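User: I would like to learn how to read the overall build of a protein model. Could you take me through one, feature by feature?

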Amino acid sequence: MPMAYAACVLYLLSLWKRPFLYLGLAVQVAYIVSRGLELGRLPLIGPHDTLIFLSACVAAFSVPFGIALKKYPVFHKGVSAAAVIFVVAGVLSKQQNAPLPPVLKTLWFELHVVSAFLSYALFGIGAIIGLLYLKEKDDAIEGVQYRSLLVGYCLFSLSMIFGGVWAYLAWGTYWLWTPKELWTSIVWVFYSLYLHARFTKQWSGRPSSVLGVAGFAVVIFTYLGVSLLMKSSHTF
Amino acid sequence: MKILKYVMRFFLSLKTTVLLLALLLALFFVGAFVMPADEAFQLLHSIPLFEWLGEQPPSVTWWLWGCIGILAVLTLNTLFCSAESLIKKRKADQWIMIISPQIVHIGFLFMLLAHLLSSLGAFKSFGIADEGGVLTLPDGGVFEISAINVSEDAKGYIVDWSVNVDFKAGGAEKKDVLLPNKPFFERGIGIYVRDVRAYPSKEVLLEVSREPGTLWALIGGVLFMIGIIALVAFKMKRDYPVLRR
């Protein structure tokens with residue numbers, strides 16, 4: 001846990017100087033690895049571990065996108081703020097240290113969860129870039145936002161496919177009628193809408209960028225809101 | 001002729017896609033709040049969607065009917081747009097890369113087909129069995145639980161389990177071991193252990209199910225994956241020319 005606290009402080013300091021972001025990321029990766037070794041499994045169960053993994057993914061993805069946006073240092077401030085919020089929320093959440101239920105001991109679960117959180121991080125990065133575009137009005141930024149959301153959509157779709165294969169092997173169906181699945185479909189349709197709308201005259205530029213920002217609110221509700229507030233196959 | 005032109009223009013338009021996706025999204029939003037509030041949706045796990053829709057009042061199901069209608073129109077829109085796009089791109093270089101969005105769309109259509117087939121003909125049944133318990137399948141096959149093995153940790157959590165089974169049908173006998181995420185398949189029917197209990201006696205909750213859309217969902221998923229990975233590679237290659245070297 002001290003490493004998670006250290007990552008909080010380093011991410012906070014990265015609002016001032018960017019290298020602290022990379023230092024925070026390194027400490028956080030070390031924390032995730034140590035949790036994995038301690039538990040003997042992928043540490044991606046419950047809000048504590050998943051929020052910490054999400055903040056690490058946001059920080060990590062900021063590296064390639066930061067190269068494309070090096071003219072705009074404020075992008076890194078946005079990433080640092082997001083990383084701080086997620087890591088603080090993770091540290092404040094209860095750790096789940098119980099052994100994995102047998103149904104979760106499968107590569108399909110690991111593929112499903114890892115690709116989901118990588119996609120969430122890219123949707124988050126896309127939202128930050130979208131806000132930057134709305135402020136700076138440089139079309140090149142909008143192109144970077146599109147790439148981030150496209151790769152995020154690709155990973156999110158892969159996560160849904162892996163989840164479907166796993167659900168079929170575990171429960172005899174690739175689709176469950178629970179709020180989580182419905183909200184997952186909402187996220188998927190939302191970004192499908194973004195990817196198509198962006199190519200129409202009415203939606204190109206600012207409106208589609210706003211869609212890309214709003215999408216992340218839907219993602220966060222699907223990830224945390226549904227899992228905490230509604231009864232589903234993904235309840236924390 | 002004028003009407004036909006109008007219909008063609010409607011189905012070939014990206015604006016139609018955007019409109020349909022927005023409507024679908026709106027109905028999903030409504031459904032996301034209707035579904036947890038109504039107990040009728042609990043039954044939806046055990047019977048095919050269309051059977052369930054026929055049994056429930058429209059006040060509960062209207063948004064699902066709306067989604068089905070929109071998906072039907074979206075299917076036509078996808079087919080029209082994909083066909084037009086393939087015709088336009090047939091002589092282009094790097095054909096697979098160029099048609100990657102259409103591969104994604106075909107994958108999506110296969111997944112819709114899978115949902116349609118499962119919504120029409122899925123079957124699910126549950127039963128509790130102990131060691132020595134016998135389950136007779138609708139086709140006369142006999143499924144016997146020969147052993148239930150449960151491993152627990154010091155705190156009493158079940159950390160692993162396995163179930164040995166014998167299957168007899170038409171004079172043939174087959175032995176198998178069911179594990180978490182490893183069901184038993186026979187002639188399109190899957191037998192799953194949904195829950196295991198060690199006390200007061202060893203028992204399993206068995207599920208017998210058939211999902212007619214599975215193969216199409218898998219084909220659709222694979223096509224979607226191939227298409228979307230090719231699309232991302234194509235976009236990156238085009239936007240970052242340095243990667244071509």
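Analyst: Start with the count of helices and strands. This is a predicted model, and in it chain B has seven helices and eight strands.

User: How spread out is chain B beside a compact globule?

Analyst: The radius of gyration is set against the value that a rule gives for a globule of that many residues. For the 245 residues of chain B the rule gives 18 Å, but the chain has 24 Å, well over that value, so chain B is more spread out than a compact globule. Along the principal axes, its C-alpha atoms fill a box of roughly 70 × 55 × 45 Å.

User: What does the same reading give for chain A, and which elements does chain A have?

Analyst: Chain A has eight helices and zero strands. Read from the N terminus, its elements run α-α-α-α-α-α-α-α. A compact globule of 236 residues would have a radius of gyration near 18 Å; chain A has 18 Å, so the two agree. The box for its C-alpha atoms is roughly 50 × 40 × 25 Å along the principal axes.

User: What share of each chain is buried?

Analyst: A residue counts as buried when its relative accessible area is under 20%. In chain A, 61% of the 236 residues are buried. In chain B, 40% of the 245 residues are.

User: And what is the exposed area made of?

Analyst: Look at the share from carbon and sulfur atoms. Chain A exposes about 9,200 Å², with 73% supplied by these atoms. Chain B exposes about 13,600 Å², and here they supply 65%.

User: How far apart in sequence are the residues that touch?

Analyst: Take the contacts between residues at least 6 apart in sequence. In chain A, 77% of them join residues at least 24 apart. In chain B, residues 24 or more positions apart account for 50%.

User: How many charged side chains are there, and how far apart are the centres of the positive and negative sets?

Analyst: Chain A has 17 positive and 8 negative side chains, with the two centres 4 Å apart. Chain B has 24 positive and 22 negative ones, and there the centres lie 21 Å apart.

User: Can we end on a single residue? Where is Ser93(A), and what does Ser93(A) touch?

Analyst: Place the residue first, then list its neighbours. Ser93(A) sits in the loop between α4 (74-92) and α5 (107-136) of chain A. A polar atom of its side chain lies 2.6 Å from the backbone oxygen of Ala89(A). Leaving out residues up to four places away in sequence, Ser93(A) touches Pro47(A), His48(A) and Leu51(A).

Key:
Residues are numbered from 1 along each chain as its sequence is written. Chains are lettered from A and ligands numbered from 1 in the order in which they are written. This is a predicted model: local features need pLDDT of at least 70, side-chain atom pairs count only at pLDDT 80 or more; totals for chains, interfaces and linings use all residues. Side-chain values use heavy atoms; hydrogens and water are left out. Helices (H or I, at least four residues) and strands (E, at least two) are DSSP runs, numbered from the N terminus. A polar contact is a pair of N or O atoms within 3.5 Å; within protein, one must be able to donate a hydrogen and the other to accept it, and residues adjacent in sequence count only if both atoms are side-chain atoms. Contact means heavy atoms within 4.5 Å. The radius of gyration is taken over C-alpha atoms; the globule rule is 2.2 Å times the number of residues to the power 0.38. Buried means under 20% relative accessible area, exposed over 50%, partly exposed in between (1.4 Å probe, protein chains only). Accessible areas come from the Shrake-Rupley method with a 1.4 Å probe; for residues, only the protein chains shown count as cover. Lys and Arg count as positive and Asp and Glu as negative; His and the chain ends are not counted. The place of a charge is taken as NZ of Lys, CZ of Arg, CG of Asp or CD of Glu.
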